[in-house]
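Me: Please go through this structure with me. I want each label set against its definition.

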There are 2 protein chains.
Amino acid sequence: MTIASRLLATAALISLTTAGVAQAAPAHSDAKAIERAFDAQISSTDQLAWLKDMSSAPNHVSSPHDRANAEMQLALFKQWGWNARIETFQVLYPTPISTTLELVVPERVVLGGQEPAVPEDPSSANLQGALPPYLAYQGDGDVTASVVYVNYGMPDDYEALAARGINVKGKIVLARYGGGWRGLKPKLAQEHGAAGCLIYSDPADDGYGERDPFPRGGGRPETGVQRGSVQDLTQYPGDPLTPGIGATADAKRLTRETAPTILKIPALPISYGDAAKIMSRLEGPVIGGRARGGLALAYHWGGTDAVKVHLAVKSDWSLKPIYDVIAVMPGATRPDEWVVRGNHHDGWVFGASDPLTGQVALMSEAKALGALKRTGWRPDRTIVYASWDGEEPGLLGSTEWVETHADELARKAVLYINTDNNGRGFLSAEGSHDLQHFVNAAARDVTDPQTSMSVLDRLRANVRAGAYAGTERRAEDTSAIDAAKSGGDMPIEALGSGSDYSAFLQHLGIPSLNIGFGGEGGGGGSYHSAYDSYYHVTKFDDPGLAYGAVLSKMVGRLVLRAADGPRVPARYGDFATTVSRYVSQVKKLATDQRDKDRALRDLTRDDVFKLASNPDDPTSAPEGKGVTPLIDMLALEDAADRLTRSAHAADAAIERMPTLLPAAQTHMQTKLRDIDQLLIDRAGLPGRPWFRNLVYAPGTLTGYGAKTLPGVREAIEQRRFADATAYVARTAAVLNAYSDRLDAAVNAGK
Amino acid sequence: MTIASRLLATAALISLTTAGVAQAAPAHSDAKAIERAFDAQISSTDQLAWLKDMSSAPNHVSSPHDRANAEMQLALFKQWGWNARIETFQVLYPTPISTTLELVVPERVVLGGQEPAVPEDPSSANLQGALPPYLAYQGDGDVTASVVYVNYGMPDDYEALAARGINVKGKIVLARYGGGWRGLKPKLAQEHGAAGCLIYSDPADDGYGERDPFPRGGGRPETGVQRGSVQDLTQYPGDPLTPGIGATADAKRLTRETAPTILKIPALPISYGDAAKIMSRLEGPVIGGRARGGLALAYHWGGTDAVKVHLAVKSDWSLKPIYDVIAVMPGATRPDEWVVRGNHHDGWVFGASDPLTGQVALMSEAKALGALKRTGWRPDRTIVYASWDGEEPGLLGSTEWVETHADELARKAVLYINTDNNGRGFLSAEGSHDLQHFVNAAARDVTDPQTSMSVLDRLRANVRAGAYAGTERRAEDTSAIDAAKSGGDMPIEALGSGSDYSAFLQHLGIPSLNIGFGGEGGGGGSYHSAYDSYYHVTKFDDPGLAYGAVLSKMVGRLVLRAADGPRVPARYGDFATTVSRYVSQVKKLATDQRDKDRALRDLTRDDVFKLASNPDDPTSAPEGKGVTPLIDMLALEDAADRLTRSAHAADAAIERMPTLLPAAQTHMQTKLRDIDQLLIDRAGLPGRPWFRNLVYAPGTLTGYGAKTLPGVREAIEQRRFADATAYVARTAAVLNAYSDRLDAAVNAGK
């Protein structure tokens with residue numbers, strides 16, 4: 001289907017709703033009518049057509065179809081009435097010249113290579129030009145070595161190996177996906193002296209353990225491989241050669257050799273079919289309990305000469321262009337306040353689910369906003385829609401754009417709303433906690449297509465049912481269960497990393513949200529594989545893209561409500577409550593770690609590990625690390641208490657705002673407009689200055705997973721106790737600055 | 001090896017130690033020397049020879065070698081100086097005439113049959129006369145029906161099926177082993193209207209999920225099948241036709257049709273190789289989470305016409321003889337106080353691990369006691385060694401013997417010590433809690449061969465290491481962890497069922513212990529299969545039978561210490577502390593169940609299950625059962641408090657006992673000798689009068705697993721609230737009777 005025909009198909013809809021919208025606009029009092037008019041433009045049929053077109057050929061960075069998708073979107077944005085342009089950056093983006101994987105001992109078996117076609121899925125027969133299984137920013141190399149299974153390849157796994165006297169020096173580690181971000185696995189392997197790294201999707205986590213493998217169901221088949229980036233984005237995301245600055249044509253660049261986020265050892269992702277061929281031959285103690293996965297064999301640590309693998313990767317390390325599509329709808333009354341909304345458009349192969357399910361929802365929103373504009377409506381604030389390129393290799397498009405426009409964004413951006421792949425199921429919302437009520441209010445007004453209840457009520461039902469069944473993941477923190485039961489606001493979760501909000505939130509401090517639906521359907525079984533196709537999405541992940549439309553309606557409300565009205569509707573008490581919870585967690589972390597350290601010291605003293613050791617799996621004591629000292633967190637506790645008082649006073653003042661004189665209102669708004677940026681500390685986090693937000697960061701040892709109050713929390717976890725004390729003070733300082741500003745806003749409104 | 005040559009081989013040892021023992025005996029002051037002399041007789045070499053001989057042919061009930069083993073033991077006991085005899089009973093014991101299992105839809109695949117030979121294991125090539133995979137006391141029948149996977153086949157699994165609208169009426173259920181006793185699976189299937197039942201060993205629980213499958217390791221291979229009994233031993237164990245009375249030749253018998261412990265539907269056990277052939281073809285919603293096992297496929301509930309299986313079983317239901325070997329060594333000073341010690345000798349196939357690892361340890365003890373006797377030593381009390389037949393089909397030999405001699409045992413038996421299969425690893429001790437300190441004291445004096453520490457210290461180390469790793473199974477109740485850390489007595493666990501202590505403890509109230517070692521080695525991967533062989537035991541389960549010797553030394557100490565000295569060394573405070581913990585658990589159970597009932601009521605009212613339901617797996621609310629009422633447990637709490645006071649007073653009085661006049665000592669001993677029998681209530685438990693102990697019983701819905709304070713606990717769980725109130729009173733009454741007796745003993749010593 002061509003773009004033109006799609007535009008024609010929806011022209012009727014626009015004219016149908018024009019009358020009602022024209023009445024409503026631009027009066028804010030009739031925001032509901034605007035939202036109804038917006039909803040009327042959202043079409044799953046549109047989304048299906050765009051999805052089919054955009055996923056019709058491989059669209060990874062530097063592929064022809066990736067650029068074509070950007071240009072297609074540019075044309076559409078313009079057609080819909082946006083000021084649109086493509087912004088290009090030159091980034092280091094490696095592409096494979098050759099990838100080799102073979103078992104060589106005890107026998108020669110060729111492994112790896114492109115995923116085979118599946119008859120039911122037409123696109124899988126059409127893999128010319130597609131990226132083979134590959135990990136971007138691995139280190140290239142050619143090694144033949146024995147293999148050590150390292151479970152998830154996280155620090156506790158290396159401790160388990162060390163307790164057994166197994167080391168990975170000069171060997172190839174075989175890690176399964178999960179337990180932490182992909183990129184940490186080869187990074188930790190490299191730090192432990194490994195010569196290479198393989199990562200496979202274990203069927204317990206991502207395969208028949210969860211659902212029927214494709215094509216019978218949406219689960220990962222034994223031939224499916226998860227591609228991905230292994231850039232060290234816990235140091236900084238974006239182009240590895242231009243940390244902190246935009247990767248414009250003339251930017252000053254590091255060399256590949258000096259760029260710290262690029263790996264030094266070769267690495268490849270493999271299927272569980274291939275992993276089984278290696279693992280069934282490994283020797284050494286059998287692994288019981290949580291360190292084993294779901295393959296139909298006893299898991300062994302390996303590390304002996306019984307198994308050797310040849311792994312070789314060679315890449316083209318040239319600079320390549322990426323294409324961000326940026327579309328602007330200027331604000332009528334507050335043009336210098338920007339609401340930014342983004343999703344990426346690059347995939348790993350066809351990218352139908354990731355990212356295009358989110359991308360076509362964004363396009364629906366842009367089309368609907370364009371239609372509203374055509375009726376005469378204008379947003380108060382400027383709306384910026386961004387279709388990022390290069391998210392997959394390392395948040396390249398968003399990071400370079402944010403770094404390039406950092407000063408302007410710091411002055412103007414009041415909110416960033418991100419989406420990424422989307423599916424059938426339940427609302428997931430993560431972000432800055434002063435936006436928690438804002439998200440809940442929108443979720444209350446969006447209908448779930450399967451139950452005809454609000455998406456908020458369906459989420460509550462799911463949390464309650466999960467709590468009853470004992471499967472609710474957030475059971476340790478009862479706030480979600482309590483809220484679901486009482487009908488209060490559902491807590492949103494903290495943002496770590498893994499999508500394009502990172503530079504906005506963690507580098508600049510712009511309040512951010514990440515919104516999506518999921519938990520049913522294919523469940524990620526095609527993630528980053530050649531089977532992430534139009535067929536897979538429409539058969540399993542979100543048939544008819546019903547939840548694509550829901551996502552558009554949910555995010556569209558957030559955009560409209562943030563762009564219109566006197567202020568971005570933050571509620572500071574929610575942030576204060578959440579920060580207090582984080583402070584309690586960090587205190588408990590220190591206490592628990594101290595208790596565990598003492599226990600380990602005593603167990604080691606009493607030779608308990610040796611006495612309990614099974615001769616079939618001789619295990620010595622874990623390496624002792626001393627006892628965590630008492631850490632004085634009074635300043636942080638005081639700051640959280642003060643924040644609670646200031647936030648409640650500010651929320652009360654905001655309620656009174658409509659009764660104030662316009663000048664006082666403006667004065668209050670000005671004070672609050674960039675308050676979230678006060679959570680930034682210019683020095684950044686210890687060892688990673690690019691990450692400057694002292695409340696939200698991705699964990700250095702979780703990758704995607706958030707670490708809140710990261711300066712303190714990670715310093716305790718990583719036993720940098722001087723840092724912990726220093727960041728108690730620094731974190732208290734940013735929280736106090738935030739409280740100061742709240743107090744100033746209250747005073748401005750007096 | 002013949003019996004004569006084995007006796008010759010150990011003759012030298014006996015003469016070597018004769019001098020020292022002769023000096024020591026019969027003075028109790030030199031008990032240590034007696035134990036050293038006893039230890040000197042314990043020989044793993046003996047045990048290996050006996051094991052090889054006794055496991056050289058199939059030895060299930062009614063097999064020629066089962067009888068030959070009894071007669072061989074009889075000869076040995078006599079040779080060792082015991083008064084030994086064989087006691088025979090006539091029991092209903094079915095043997096298979098034919099077993100048929102085949103997949104018929106979607107295609108015909110023959111399943112089932114005898115386990116194939118494994119080249120490494122010579123006995124597996126020698127299966128003539130061996131029992132094929134079979135479940136004793138299944139109901140016979142010939143059915144062809146569709147298949148429903150029921151996970152463990154326990155009540156909560158049927159609730160999960162009901163919530164999905166899947167019923168098993170007229171179908172064949174396929175259950176995996178685990179989660180409750182084997183016999184409950186076909187029983188519950190039958191109660192839900194199933195036409196047949198298959199039980200398989202899932203590799204997650206018993207196969208490559210734990211260890212390398214045989215013969216690479218000791219784990220269950222895909223061809224291994226767990227035979228077993230499905231008699232309803234939660235109603236009563238023993239011969240189904242003679243509940244409560246001995247199955248002597250002239251006993252009054254029920255008919256097969258009226259015997260309530262025999263199933264009405266056909267059932268067979270199968271391998272996971274066969275189970276996979278059925279399960280890979282099942283349809284219906286995919287099962288995630290805890291209800292799936294370790295097969296390399298997505299689990300489905302099934303129940304559709306896509307899969308049909310033909311199951312047919314025909315058995316010979318004639319009476320067969322069983323042969324208990326009973327050996328007596330009369331007590332010198334208290335011949336009418338009996339210490340009874342037993343293990344069974346019948347297996348399912350070769351029975352090398354189960355039961356012969358325990359049986360050969362018992363034989364070592366009997367030989368060593370015989371050697372002591374030959375030096376002139378005599379026990380104060382009478383020692384009775386029993387080698388039971390027919391344990392596997394339903395504790396037949398022990399139950400019929402206890403029922404036959406019930407009056408005499410009630411008058412004379414002061415302790416029963418049981419063992420069963422034994423392996424390498426850690427001490428496991430279960431039993432009457434007034435014996436807890438007695439067990440700990442012995443465990444402190446027995447050396448673990450792998451660490452040269454005491455078996456008690458190695459157990460403590462294992463519990464501490466497990467607590468640190470988060471794998472200690474008893475973590476909910478911290479008493480084991482606390483004791484391991486502090487160096488206090490390790491708690492023993494309560495006895496449920498599953499071995500020959502049941503009639504002693506639960507029918508008569510004789511204080512009982514069950515002792516074994518395990519947790520390393522083969523880990524049960526040959527359990528009840530054709531691969532439970534001499535090769536498997538000596539290769540994986542307990543190489544060299546090192547722990548066979550340890551078991552003999554541990555149990556030998558218990559026998560010697562119980563048989564000598566002024567009284568069986570009970571400590572009543574341990575029992576009181578444990579009962580108080582059980583009372584707290586039962587109170588918490590009622591409160592938790594009430595809370596969960598309320599939650600379910602509210603979730604159902606709010607339609608939460610329907611709203612949260614995934615259309616791929618539509619799930620309705622679990623069936624509501626009303627809200628558990630408040631249950632007044634004051635009488636039980638009072639009884640526990642009183643027991644604590646009386647027990648501590650009694651323990652203090654016992655410490656003073658050596659200072660008393662002999663008449664007062666005797667008076668005290670007489671009061672305490674049968675005190676455990678006061679825990680018997682003549683009416684028995686609701687619906688199962690054979691089980692009369694109101695502190696210890698097997699659960700009606702756990703089978704092997706103990707339910708303590710069962711009259712109250714199970715009444716709450718099963719929502720028989722009137723029974724709960726009635727058994728609060730009855731349980732308080734037996735505890736008060738116990739306290740009365742303690743008080744009387746204290747007074748007797750004044």
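Me: Which residue of chain B comes closest to the rotation axis?

Reply: Ala296(B) does, with its C-alpha at 2.8 Å. This is a predicted model, in which local features need pLDDT of at least 70, side-chain atom pairs count only at pLDDT 80 or more, and totals for chains, interfaces and linings use all residues. Residues are numbered from 1 along each chain as its sequence is written, while chains are lettered from A and ligands numbered from 1 in the order in which they are written.

Me: Why are the two copies said to be related as by a two-fold rotation axis?

Reply: Chain B is superposed on chain A by a rotation of 180° with 0.0 Å of shift along its axis, at an RMSD of 0.1 Å; the fit is by least squares on C-alpha atoms of residues with pLDDT of at least 70 in both. The two copies are thus related as by a two-fold rotation axis.

Me: How do you know that the same surface serves both copies?

Reply: Of the contact residues of chain B, 100% recur in chain A. Contact requires C-beta atoms, placed from the backbone, within 7 Å.

Me: Why are H8(A) and H17(A) called oblique?

Reply: H8(A) (residues 352-374) and H17(A) (residues 546-563) pack at about 55°, with their axes 8 Å apart. Angles under 35 degrees count as roughly parallel, over 145 as roughly antiparallel, 65 to 115 as roughly perpendicular and the rest as oblique. H8(A) and H17(A) are therefore oblique to each other.

How values were computed. Axes are lines fitted to C-alpha atoms, for helices over the stretch in contact, and angles run from 0 to 180 degrees between N-to-C directions. Helices (H or I, at least four residues) and strands (E, at least two) are DSSP runs, numbered from the N terminus. Two residues are in contact if their C-beta atoms, placed from the backbone, lie within 7 Å.
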